Amino acid sequence: MTTSEHVATGEASWQGGASPFGISWQKLMMWFFLVTDALLFASFLAAYGFVRLASPEWPIRSHVFSLPFIGLMTFVLITSSATMATAVGAAQRNDLKLARTFVLLTAIGGLFFLGCQAKEWTGLILEGARLTSNPWGVPAFASFFFMITGFHGTHVAIGVTVLLILAARLRKGTSNAAGVELVDLYWHFVDLVWVFIFTCFYLI
Amino acid sequence: MTGLLRYRTYWISWGILLALTVGMLFTETVPLYRSVALGLLITAMLVKAGVISAWFMHLRFERAGLVLSIVGATVLTAVALFGLIVPDAIAALRHAAQ
């Protein structure tokens, strides 16, 4: 093929070959899913931001939430991200037994987080918080709280389920480092989203 | 990157995330101007998001094309979303105050 033919077909500047991003199609699809999911959470937080900015008053978070308790939840989620990353490292070194141990530790972290969230929800519901009303004045406050943290919690619950399935597959030898890495991406995404929820909802 | 170095990197990232989280909680207890506290919190949030995506999600080791496609698309859309909503919300607040 001549240079002019290369230019005509666009190959002169094309350096990507058969795999332009240099990753497997499974990983690429996971990234696409995460981008769309991130935009969904961004929409929730943007809607929350709109209502928050447009409301003359907003409940003082430290009066509603126990910030040390939220800090503990955040600590657990961050630690579970580190254990998950360690699981990937172990799987890439073909140490599937160690990888399974760290995957299980990550699942335990996720379950602990869900337990903390259940405790937080129960406390607020017992104080009278509902989707349409709450004792702190602004009705949208509780509806945003339950919607955003509930949606995130659902992601954590799905993540824990997938982690347990992955641990079982690693035990049977039917999963490998690529499988661990896919679940790893999802789990860090859950942690990433929590960083934004933690800041926007509990601190700002 | 060797296996042991990678493990160390993960746990250093964990330490950075933990320190930032403690720092963010600490801003609640220190009397700061609202704008200063807001700036600190948003900066810490963005640094945490960067650490997670670069090190834990391995974006630092991926091709630039993938990183730009993923981060660029997400950030641009999110900024556009917030950029459109914030002026509208401020206008609604002013309207309610009148």
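These are my notes on chain B of a predicted model, its contact with chain A, and two loop residues.

**Confidence**

I began with how far the predictor trusts its own output. For the complex it gives an ipTM of 0.91 and a pTM of 0.90. For chain B, I noted a mean pLDDT of 89, with 95% of the residues at 70 or more. I then looked at the elements of chain B one by one. Helix α2 of chain B, residues 34-56, has the highest mean pLDDT, 95. The lowest belongs to helix α3 of chain B, residues 64-97, with 87. I wrote myself a reminder that predicted coordinates should not be read in detail where pLDDT is low.

**Fold and shape of chain B**

I counted the secondary structure next: chain B has three helices and zero strands. Along the sequence the pattern reads α-α-α. Chain B is more spread out than a compact globule, because its radius of gyration is 18 Å and the globule rule gives 13 Å for 98 residues. I also looked up the box that the C-alpha atoms of chain B fill, which is roughly 65 × 35 × 15 Å along the principal axes. Of the 98 residues in chain B, 16% are buried.

**Contact with chain A**

How many residues does each chain bring to the contact? I found 41 from chain B and 38 from chain A. On the side of chain B, the elements that give two or more residues are α1 (3-26), α2 and α3. The one that gives the most is α3(B), with 18 residues. I sorted the residues on this side of chain B by type and got 29 nonpolar, six polar and six charged.

**Two residues with positive phi**

I looked at phi last. Most residues other than glycine have a negative phi. I noted two residues with a positive value.

The entry for chain B is His58(B), which is not a glycine and has a phi of about 65°. His58(B) sits in the loop between α2 and α3 of chain B. Is His58(B) buried, partly exposed or exposed? I counted 18 other C-beta atoms within 10 Å, so His58(B) is partly exposed; buried would need 20 or more.

The entry for chain A is Asn94(A), also not a glycine, with a positive phi near 65°. Asn94(A) belongs to the loop between α4 (67-92) and α5 (96-126) of chain A. Asn94(A) has 10 other C-beta atoms within 10 Å, so it is exposed; the cut-off for exposed is 12 or fewer.

Terms used
Residues are numbered from 1 along each chain as its sequence is written. Chains are lettered from A and ligands numbered from 1 in the order in which they are written. This is a predicted model: local features need pLDDT of at least 70, side-chain atom pairs count only at pLDDT 80 or more; totals for chains, interfaces and linings use all residues. Helices (H or I, at least four residues) and strands (E, at least two) are DSSP runs, numbered from the N terminus. The radius of gyration is taken over C-alpha atoms; the globule rule is 2.2 Å times the number of residues to the power 0.38. pLDDT is the predictor's confidence in each residue, from 0 to 100. Two residues are in contact if their C-beta atoms, placed from the backbone, lie within 7 Å. Ala, Val, Leu, Ile, Met, Phe, Trp, Tyr, Cys and Pro count as nonpolar, Asp, Glu, Lys and Arg as charged, and the others, Gly among them, as polar.
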